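This report walks through a few features of the structure shown below, beginning with a pair of helices and going on to the interior and two loops.

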Amino acid sequence: MQALELPLLVDRLAESVDSARVESTRRARRQALNLIAPVISEEISERGLALWALSMQADGYSVSTIAFYLKVISAMMTEIGEPNEAFLQVRRKLSGASDSTAMSFDALKKMISELSSDVEGNTLGADLTLMAILWGGLRPKEVLSLEFGESYDSIAPLQSINEKYKRPRARKLFPIASAREIAMRIRGILRRYGLEAESDSLWALAALKAEVAPEEILSVLGHVPAGLSLLGMFDAAETGATDRLSTLEIVADSLADNPFRWYAMQLRRGEDYETIAELSGLEAQNLYYPSREVTRRVGRRLTVSTRPFLPGVVFFRMRPSDVAPLFRKIGSRAWVYRQTASAQSPYAVISPAEMMAFQLAVGVLIDRTAAPAEMHPGDTVEIIGGDFRGLCATIQSTAPNVYRLLLPALNGIPWQIDTSPHLLRPL
């Protein structure tokens with residue numbers, strides 16, 4: 001059958017909705033069209049309809065409801081003169097398929113985010129659950145057989161678990177001897193978040209939400225999970241270990257929602273920035289303690305010293321899941337700011353816009369890797385950061401990291417200042 005243009009097909013199906021004589025039929029047709037219209041982007045194929053059916057099951061629709069909507073759309077296609085055998089083929093594949101169990105992607109994401117945020121403080125059951133889901137929907141027997149390994153390193157929570165359970169002469173990852181006990185511990189954690197499905201179904205749900213192809217999902221799992229039985233309409237892809245790990249990383253990132261963010265810590269009395277920087281293990285670009293040179297006259301001599309703009313307040317960038325472990329390490333030397341005074345309050349996140357505004361206000365940028373606009377002596381520029389922010393000046397001379405500027409006469413006196421080219425914008 002020749003493909004129809006999307007607007008034409010949807011418009012013609014809408015006409016079929018309105019042509020129905022019975023109100024209940026019109027409602028059913030309208031609802032079916034609303035559900036399927038967003039995914040009609042090419043010629044209607046058996047695989048396309050199967051993908052739609054699978055996505056519907058992932059969203060909690062029953063198999064019987066999905067089959068009903070397919071039947072309704074199929075009848076509408078026949079009515080407009082474009083019958084399509086693909087509808088019948090997919091409906092046949094739905095026959096005998098089981099409904100999904102209680103699965104909520106929001107609840108799943110909340111669970112993974114919370115459990116990942118403090119692996120060191122997790123219970124054994126929480127760690128078992130994280131490993132079972134993030135490592136590809138493992139069954140209890142598969143979790144039981146896990147060993148220590150470097151392959152976990154690409155998924156931060158699993159790397160932490162790997163380090164947490166290292167024991168002398170131990171080969172198995174978890175200190176547990178029964179798959180039955182693993183199943184019970186994982187089930188207890190899942191039910192706490194209102195999840196009744198098994199780990200394989202939950203991982204498959206997360207993979208679908210991350211737009212992983214069903215064939216790749218089956219390749220990782222090695223079987224059709226009971227909670228998403230419509231995956232059985234597809235065949236597993238042939239993938240290697242590298243492809244499998246890449247898929248696991250994609251799904252873990254979509255669940256953990258654990259990007260780098262800016263926070264602020266307060267050094268305790270008597271502590272210095274250099275010690276904290278070394279103990280934190282953070283790279284230079286993830287620490288920000290802006291300071292400026294202060295010149296003082298002592299007798300006949302001028303002395304230059306460095307003073308921070310906010311003494312004792314250190315800004316740092318890291319993943320949310322790493323904040324608690326860091327302050328278990330340096331908590332006696334510094335504390336992190338929270339949203340409220342309560343010790344149970346979440347850590348206060350500083351937005352990128354707020355960080356940039358502060359950098360420009362003090363005139364000290366974190367990242368100077370980006371080259372400034374090309375400027376030459378004689379050019380007029382605007383100062384966008386620091387004490388002279390908002391003023392215009394003329395470039396007198398340039399050096400690799402500092403430009404000398406001539407400010408217009410202030411109170412009748414012209415000023416010369418040196419500044420970073422990153423804090424200038426040509427007019």
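A crossing of two helices is called left-handed if the near helix is turned anticlockwise from the far one by less than a right angle, and right-handed if clockwise. In this predicted model, helix 7 passes helix 9 in a left-handed crossing. The contact is made by D127, L130, M131 and L134 on the side of helix 7, and by P157, L158, I161 and K164 on the side of helix 9. Of the residues in this contact, six are nonpolar and two are charged, while no polar ones take part. The axes of helix 7 (residues 124-134) and helix 9 (residues 156-164) come within 10 Å and cross at roughly 130°, which makes helix 7 oblique to helix 9.

In soluble globular proteins, nonpolar side chains tend to be buried together. Here the largest nonpolar core has 84 residues, and those with the most contacts inside it are L108, M111 and F174. Apart from this core lies another of 16 residues, including M265, L267, I276 and V323. Leaving aside residues up to four places away in sequence, F174 touches L124, D127, L128, M131, V143, L146, I161, Y165 and R167.

Most residues other than glycine have a negative phi. The table lists two residues that have a positive phi although neither is a glycine.

| Residue | Phi | Loop | Relative accessible area |
|---|---|---|---|
| R169 | about 65° | between helix 9 and helix 10 (179-192) | 83%, exposed |
| E211 | about 65° | between helix 11 (199-209) and helix 12 (214-221) | 74%, exposed |

Notes. Residues numbered from 1 in each chain as written. Predicted model: local features only at pLDDT ≥ 70, side-chain atom pairs only at ≥ 80, totals over all residues. Heavy atoms only, no water. Axes fitted to C-alpha atoms, helices over the stretch in contact; angles between N-to-C directions. Helix = DSSP H or I, 4+ residues; strand = E, 2+ residues; numbered from the N terminus. Parallel < 35°, antiparallel > 145°, perpendicular 65-115°, else oblique. Contact = heavy atoms within 4.5 Å. Nonpolar A, V, L, I, M, F, W, Y, C, P; charged D, E, K, R; others polar. Core = buried A, V, L, I, M, F, W, Y, C linked by side-chain atoms within 4.5 Å. Buried < 20%, exposed > 50% of the residue type's maximum accessible area, 1.4 Å probe, protein only.
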